[in-house]
Amino acid sequence: VSSATGSSGKKGESKSGLQLDTHYYSTMTLGNDSKCTYARVASRVKVVKERIFSMAFHPSVHTPLVVAGDKWGQVGFLDLREGIEENQRSFSISPHGRPVSSLAHTSDGQKLFSSSYDGTVRCFDYNTGIFDLVYENEDESFSHLSLSSDNSKLYVAGRHGDIYVLDPSNVIGAGDKGKPPLQLDLHDRKIATVHAHPSDVNIFVTASNDQTVKVWDIRKIVRCKPVHMLRHTLAVTGAYYAPTSPHTIVTTCNDNLIRFWTPQSKDSRVVQVKHNNNTGRYITNFRAVWDPKSSAILIGNMNKKVDVYDPEGNALASLSHELCSAIPAINEAHPSLPIIASGNGSGYINVW
């Protein structure tokens, strides 16, 4: 595995990448229609057995790899390199017993963290090929996680509205449930996502079923009072910081709106875009996510498309192809390469 993924190369390489003009999305496609090697070799690949709940790109620019977590605890790895035998392009392991709710790589690409509804947080080491236990809580169901920009803190979201702040280096042995973390009671209901600020290691944002998105400073959490808060009208399924200044937050809500919120601006500016976010029971919740290479967000579409918007709410593209034959609920962009991965309810990944 380590030879297949490698590291992200020179310092800063995984972040420097291509600064793409947003018009390039309109040319993205799948399979033989694409000029991109990665999109041709992995246009539609079965990576895990069941519905995909989470996905993450490895930061390497030399050996692209996309990881997916499914409904029953499988984690699948898809190698996008050219020349790989088709029967060796993907493999999977089962470190969890319930849905893998979130996946996140360290900035150097050496480790992968996973959270699950089974109440565990695990760490996969690419050098050893082993998933180690980081933390376990039998009374919790972990819904999401995020690493701070310096990899010193691991924020883990729970179903009761708590955030657990873990030490990512605290890998524990069998029979041990891990060092007791800092536990913060921040919401009245389940936290759908937590996302660490891209540059400030003390700031993070949470989205919750209690219809709020809140920004927190871990140095100033007194009586659970957030630094900023944006109320929504229904449950919020996601909130993510833009990778570049002014670090606008994009939120996805069950009220069929995508919001672009810049809380640090004078008027706490909010731009709203109508979008059908009603996925129902059997489709993984849509979550608008940023493409690190441009000021654009990606989100699934109930018509088996991937929608792309800019922060002003303008539609840039709507990706579709006959090979994308199911709803692409989960979408991720590679941090440096001009590729997007879409995961569906049958365990397949499309690479655009």
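This report describes two antiparallel sheets, one pocket and one buried serine in a predicted model.

**The sheet of S2 to S5**

An open sheet is formed by 4 strands in the order S2-S3-S4-S5, and the pairing within this sheet is antiparallel. Its edges are strand S2, which covers residues 52-57, and strand S5, which covers residues 90-93, each of them pairing on one side only. From one strand to the next, the twist in this sheet averages 20°. Strand S4, made of residues 75-79, runs antiparallel to S5 and is joined to S5 by 4 bridges. Across this pairing, Val75 stands opposite Ile93 in S5.

**The sheet of S14 to S17**

A further open sheet, again of 4 strands with antiparallel pairing, has the order S14-S15-S16-S17. Here the edge strands, each pairing on one side only, are strand S14 (191-196) and strand S17 (228-231). The twist averages 15° from one strand to the next in this sheet. Strand S15, with residues 203-208, and strand S16, with residues 212-217, pair in the antiparallel sense over 5 bridges, and Phe204 stands opposite Trp216 in S16.

The two sheets are set side by side below.

| Strand order | Edge strands | Average twist |
|---|---|---|
| S2-S3-S4-S5 | S2 (52-57) and S5 (90-93) | 20° |
| S14-S15-S16-S17 | S14 (191-196) and S17 (228-231) | 15° |

**The second largest pocket**

Rolling a probe the size of a water molecule over the atoms shows where empty space is left. The second largest pocket has a volume of about 490 Å³, and its lining consists of 21 residues, of which Arg51, Phe53, Tyr117, Lys190 and Arg281 lie nearest its centre. By residue class, the lining of this pocket divides into 7 nonpolar, 8 polar and 6 charged residues.

**Ser116 and its polar surroundings**

Ser116 belongs to strand S7, which spans residues 111-116. This serine has a relative accessible area of 0% and therefore counts as buried, the cut-off for that class being under 20%. A polar atom of the Ser116 side chain lies 2.9 Å from the backbone oxygen of Pro99. The backbone nitrogen of Asp118, in turn, lies 3.1 Å from a polar atom of the side chain of Ser116. The side chain of the buried Ser116 is thus placed beside backbone atoms of two residues, with Pro99 contributing an oxygen and Asp118 a nitrogen.

How values were computed: Residues numbered from 1 in each chain as written. Predicted model: local features only at pLDDT ≥ 70, side-chain atom pairs only at ≥ 80, totals over all residues. Heavy atoms only, no water. Pairing = 2+ DSSP bridges. Axes fitted to C-alpha atoms, helices over the stretch in contact; angles between N-to-C directions. 1 Å grid on protein atoms, 1.4 Å probe; cavity = no way out; pocket = protein on both sides within 12 Å on 5 of 7 lines; lining within 4 Å. Points joined across faces, edges and corners; volume = space filled by probe spheres on them. Nonpolar A, V, L, I, M, F, W, Y, C, P; charged D, E, K, R; others polar. Buried < 20%, exposed > 50% of the residue type's maximum accessible area, 1.4 Å probe, protein only. Polar contact = N/O pair within 3.5 Å; in protein donor to acceptor, adjacent residues only side chain to side chain.
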